[in-house]
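Reader: I would like to go through the terms used for this model and hear what each one rests on. Where should we start?

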Amino acid sequence: MEKLYTLKEAKRLLGVTTRTIQRWDKEGKIRVVRTVGGRRRVPESEIKRILGLREERVVIGYARVSSSTQKDDLERQKRLILTYAKEKGYGEVQVLSDVGSGLNENRKNFLRLLDMVFERRISKVIVAYEDRLTRFGIETLSRVFSVFGTEIEVINRGEKTPHEELVEDLITIVSHFAGRLYGMRSHKYREVVDGVRKLISG
């Protein structure tokens, strides 16, 4: 977790008074967090920003597949991200990955990624396809990330027709709930998903 400073520590580091920090907080000039008891704390990233110090940020890759039967695809995504990052000259890149539905917001490494973004530790997040991060709301997620100085970089932006997008979204929703009802590896799950796919295609 990011280090937090008391107002006494922050004013010493910034060379201002406590009253000045309180005023900045009210004016939105500094980001502060509050403890359970309601006391102000100043994140280390804000101290660095105000002092004009350059933060050391990293580039992170993120890969995801829906089930354990797609491990080969997961490895392909990782290789693609690393190759892309090398060609772009991004240096050493760590790739976080999850096995789970894009509708599941509690993916372990997805949550870890969010924490790193909110702590302003990431400059870019690289994904092979935008739906690897989330099935819905990628534009909203991009806006939230940008507030913390993080850019989402998508390697493959294949243009899809509205019909193709709707079909993919519907199958994703059915797969997600069928998996929760019957288990991702069950015969019933595959039967339901294949049935919906054939119905739409037909």
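Author: The model is a predicted one. A starting point is Asp25, which touches Ile30, Val32, Arg34 and Arg40, leaving aside residues up to four places away in sequence. Asp25 is part of helix H2.

Reader: Why is Asp25 called buried?

Author: Its relative accessible area is 19%. Buried means under 20%, so Asp25 counts as buried.

Reader: What makes the pair of Asp25 and Arg34 a salt bridge?

Author: The closest N and O atoms of Asp25 and Arg34 are 3.8 Å apart. The rule asks for a side-chain nitrogen of Lys or Arg within 4 Å of a carboxyl oxygen of Asp or Glu, so the pair qualifies. In general, side chains of opposite charge can pair when their charged atoms come close.

Reader: How many salt bridges does this rule give?

Author: The count comes to 11 salt bridges. Arg23, Glu27 and Lys29 are linked in a network of them.

Reader: What makes Glu46 and Arg49 a salt bridge, and how are the two placed in helix H3?

Author: The closest N and O atoms of Glu46 and Arg49 are 2.9 Å apart, and the cut-off is 4 Å, so the pair is a salt bridge. The two residues are separated by about one helical turn because they are three residues apart in helix H3 (residues 44-51).

Reader: Are Glu46 and Arg49 buried or exposed?

Author: Glu46 has a relative accessible area of 3%. That value falls under 20%, so the word is buried. Arg49 has a relative accessible area of 42%. Partly exposed covers what lies between under 20% and over 50%, so that term applies.

Reader: What does the salt bridge of Glu151 and Lys124 tie together?

Author: The side chains of Glu151 and Lys124 meet at 2.7 Å, N to O. Glu151 lies in strand S7 (residues 151-154) and Lys124 in strand S6 (residues 122-127), so the pair ties together parts that are 27 residues apart in sequence. Glu151 is partly exposed, at 40% relative accessible area, whereas Lys124 is buried at 18%.

Reader: Strand S6 also holds Val125. How do you know that Val125 is buried?

Author: Val125 has 0% relative accessibility. The limit for buried is under 20%, so the term holds. Val125 touches Ile60, Tyr62, Leu113, Leu133, Phe145, Thr150, Glu151, Ile152 and Glu153, not counting residues up to four places away in sequence. One of these, Glu151, is also the salt-bridge partner of Lys124. Val93 is 32 residues from Val125 along the chain, and their C-alpha atoms are separated by 9.8 Å.

Reader: Why is helix H5 called oblique to helix H6?

Author: The axes of H5 (residues 108-118) and H6 (residues 138-147) come within 9 Å and cross at roughly 40°. Angles under 35 degrees count as roughly parallel and 65 to 115 as roughly perpendicular; 40° falls in neither range, so H5 is oblique to H6. The contact is made by Phe110, Leu114, Val117 and Phe118 of H5 and by Leu141, Val144 and Phe145 of H6. By class, these are seven nonpolar, no polar and no charged residues.

Reader: And what makes H1 roughly perpendicular to H2?

Author: Helix H1 (residues 7-14) and helix H2 (residues 18-27) pack at an angle of about 100°, with their axes 9 Å apart. The range for roughly perpendicular is 65 to 115 degrees, so the term fits. Leu7, Ala10, Lys11 and Leu14 in H1 meet Thr18, Ile21, Gln22 and Trp24 in H2. This contact divides into five nonpolar, two polar and one charged residue.

Reader: What is notable about phi of Arg120?

Author: Phi of Arg120 is near 60°, a positive value in a residue other than glycine. Most residues other than glycine have a negative phi. Arg120 is found in the loop between H5 and S6. With a relative accessible area of 15%, Arg120 is buried.

Reader: How many helices and strands are there, and what share of the residues is buried?

Author: The protein chain has eight helices and seven strands. Buried residues make up 37% of its 202 residues. Among contacts with a separation of 6 or more, 64% join residues 24 or more positions apart. The accessible surface comes to about 12900 Å², and 50% of that belongs to carbon and sulfur atoms.

Notes. Residues are numbered from 1 along each chain as its sequence is written. This is a predicted model: local features need pLDDT of at least 70, side-chain atom pairs count only at pLDDT 80 or more; totals for chains, interfaces and linings use all residues. Side-chain values use heavy atoms; hydrogens and water are left out. Helices (H or I, at least four residues) and strands (E, at least two) are DSSP runs, numbered from the N terminus. Buried means under 20% relative accessible area, exposed over 50%, partly exposed in between (1.4 Å probe, protein chains only). Contact means heavy atoms within 4.5 Å. Accessible areas come from the Shrake-Rupley method with a 1.4 Å probe; for residues, only the protein chains shown count as cover. Axes are lines fitted to C-alpha atoms, for helices over the stretch in contact, and angles run from 0 to 180 degrees between N-to-C directions. Angles under 35 degrees count as roughly parallel, over 145 as roughly antiparallel, 65 to 115 as roughly perpendicular and the rest as oblique. Ala, Val, Leu, Ile, Met, Phe, Trp, Tyr, Cys and Pro count as nonpolar, Asp, Glu, Lys and Arg as charged, and the others, Gly among them, as polar.
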